[in-house]
Each structure stands twice: as C-alpha cells, then as structure tokens.
Amino acid sequence: MKIYKSCLIAFTALIASVGFAQEGMPVYSDYLTDNYYLIHPSMAGVANCAKVRLTARQQWFGVDDAPSLQTLSAHGRIGDSPSAIGAILYNDKNGYHSNTGGYITYAHHLMFSRNEVDLNMLSFGLSAGFIQYKLDETDFLAPGEFDQLIAGIEQSATNFNIDVGFSYHFLDFYAHVTAKNILKNDGINFNNGEFAFDNLRTYLASVGNVFHRLGSEWSFEPSIMYMYRDATEESTIDINAKAYREVDFGTVWGGLSYRRSLDGAEFSDGSGVQNQKLQYFTPFIGVDYNQFVFAYTYSYQANTVNFNTGGFHQITLGYNFNCRRDRYECKCPAIN
C-alpha cells in the first residue's frame, strides 16, 4: 500500500507538471497582497497611485527542483486620462518544466458617477504577451542510454497569448471577470505529438465588499474568487477574509484565504476507495508604510495524501508613486 500511495503521489505530481507547468503564469492567492493586477488586466491603473510589485514564491523548502515563481509588475494611469498601461514579467519553474513570460496591458476606466466623490466605475483591460516553455531532458537518460521518445536536450517553444477582462467598482463593492490565455498554444508536445496540451484558457470571477464603521480605524473585506480551467473542466473557489487597521504611518492588514477544488480525485487507502479534493489554507500579513508595501504569504495544503507537508512561502515588496489625493469617499483600498 505504501508503494501504491507513492505511485499515486508521483502520478499526481506528473500530471501537475504536464498539465499546469504550461498554463502561463500560475494563479495563486497573490492578489490578496494588493496585487489584483496579476490576475485581472482591468485593474491596471485603477488606483490613485502607480504601482510596482515584486513577488518571490517558493514551495517545499529542502526539496530539489521544487516549484518556484517570481513576478514583477508595474502599472499606472497615462497622465490624467482614463486610460492606463501596465507590464508583467514572470518566471515559473516546476521540476524539469519551466515557463517565462512577459505581458503588456492596456486598460480603460469609465466613470458613471456625476463626480469623483461617489465611486461608480467600469474598467476594461487587455493583456498581450509571449510565453516561453522549456522542458529540460538532459538528465532523463544515463550516459549511453537511448530512448526514441526522449531527445535528451532542453526543448523550448514560444507562444503568443492574450488575457481580457473587466472590473466594476461601486462605492465599497467590486467585481472582476477575466478570461486568461484565450488563444490556443501548443506549448511543448510530448511523445511526438501524441499528447498536446493546447487549451490554456482559464476563467476567473471575483466579488467582494469592504465593510467599515464611521470613525473606526478598522475595516473588513470578505471576498470570493471562482476559477475554471476549460481544458480539464476543473474548478476551484477561494473564500477570503481580510482586515485593515489604519495607523500613523499607513495601514496594517492581514487575513486568511481558503481554496478548495470542486473536483475530487479517487484513491485507495486499503480499506476502500476514497475521494480527496485539493484544499489550501493561506494566511497573509502586510503593511503599507508611507509609499512602500511589505507582505508575507504562507499556503498550507491540508490534504491526507500529498507530496510534502511543507507549504508555499511568498514575499511581496511594493512601491507606490505618482500618487494623487484620495478622490473617492469609500473604503476601497484597491482604489484610494
């Protein structure tokens, strides 16, 4: 049975590498650390400040070739116009698979309110970029070995793709809908083309609201995000809770995210067939100090059968510049 479980874990890890190492930039809970632009292009330049964010994420410390991800993003308004631009660079590595990419974004923000005091805004965003996929086969074969299905080299392929989405903000309420990787990409085909993962489309929908009491230094933001992968028909849901406290030098904030897959995988534990659904608990904490942002995120996989009990660790560093006054009378941290 131990051998069976080990095979199950190895097979699950293989499917994750093949199926998701080519998906473009992975979707984690990074958006909760003031980083909605990473997943929703319509959030480019939505705030009163231009923003730069740098993230570094590492999984399973002590495991060779464990998954890691680095992102660098910047976005802001074009002068005083309703238009905005942004850019994202990222590097994602998972074992022998890796992908590196860059996107540029154009967003436009339409105000429906009579003035800028009452927030009522609809935003559209379009991102276009290139993704380079790599598969390192140089260690697959021992010296002198031959396999017609293994080239023994570092394979690579570069594809073009686009993301499109929109956001709506009304006072303390917000909603986002995004379609990512809407074009077909071949990535790197395996087994001489017998296996080709060319559908990378992922659909995201987020909704949330910030609650506060007049005169209080505290505000609370519950939110939900739903994610659907078109090719595999998998879906997950994030249930998030975030709290803010205003202090003399800025804002201290933190919260908890719970991610759960709505699709399960069956396995045998010796007493029968069991069903397991992927689930993560992600606490995070951060501080806005003047124009700087610092945040730490930890994700723990709470499943009976998993590869490693270690979790994801992520550090986020940010800087806000070209800031204008807080124009809207709302508790809307992503905007003001």
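Searching the whole structure, which is a predicted model, turns up 11 aromatic pairs. One of them brings together W218 and F220: their ring centres are 6.2 Å apart and their planes meet at 10°, so this pair counts as stacked. Why stacked? Planes under 30 degrees apart get that label, and the W218–F220 angle is 10°.

How open to the outside are these two? W218 is partly exposed, with a relative accessible area of 40%, and F220 is partly exposed too, at 45%.

Rings can also join up into a group: ring pairs tie Y28, Y280 and F312 into a cluster. Y28 has another partner as well, because a charge counts as sitting over a ring when it is within 6 Å of the centre and within 35 degrees of the ring normal, and the charged end of R57 sits over the ring of Y28. Here are two such charge-over-ring cases:

| Charged residue | Ring | Distance to ring centre |
|---|---|---|
| R57 | Y28 | 4.1 Å |
| K242 | W253 | 4.5 Å |

Now for the sulfur atoms. How many disulfides does a search of the whole structure find? Just one, and it joins C49 to C323, with an S to S distance of 2.0 Å. This link ties together distant parts of the chain, 274 residues apart: C49 lies in the loop between α1 (2-20) and β1 (50-59), while C323 is in the segment after β15 (312-321). The torsion about the S-S bond is about 120°, so the disulfide is right-handed.

Are its two ends buried or exposed? C49 is buried, at 16% relative accessible area, whereas C323 is partly exposed, at 38%.

Key
Residues numbered from 1 in each chain as written. Predicted model: local features only at pLDDT ≥ 70, side-chain atom pairs only at ≥ 80, totals over all residues. Heavy atoms only, no water. Disulfide = S-S within 2.5 Å. Helix = DSSP H or I, 4+ residues; strand = E, 2+ residues; numbered from the N terminus. Buried < 20%, exposed > 50% of the residue type's maximum accessible area, 1.4 Å probe, protein only. Phe/Tyr/Trp six-rings, centres within 6.5 Å; stacked < 30°, edge-to-face > 60°.
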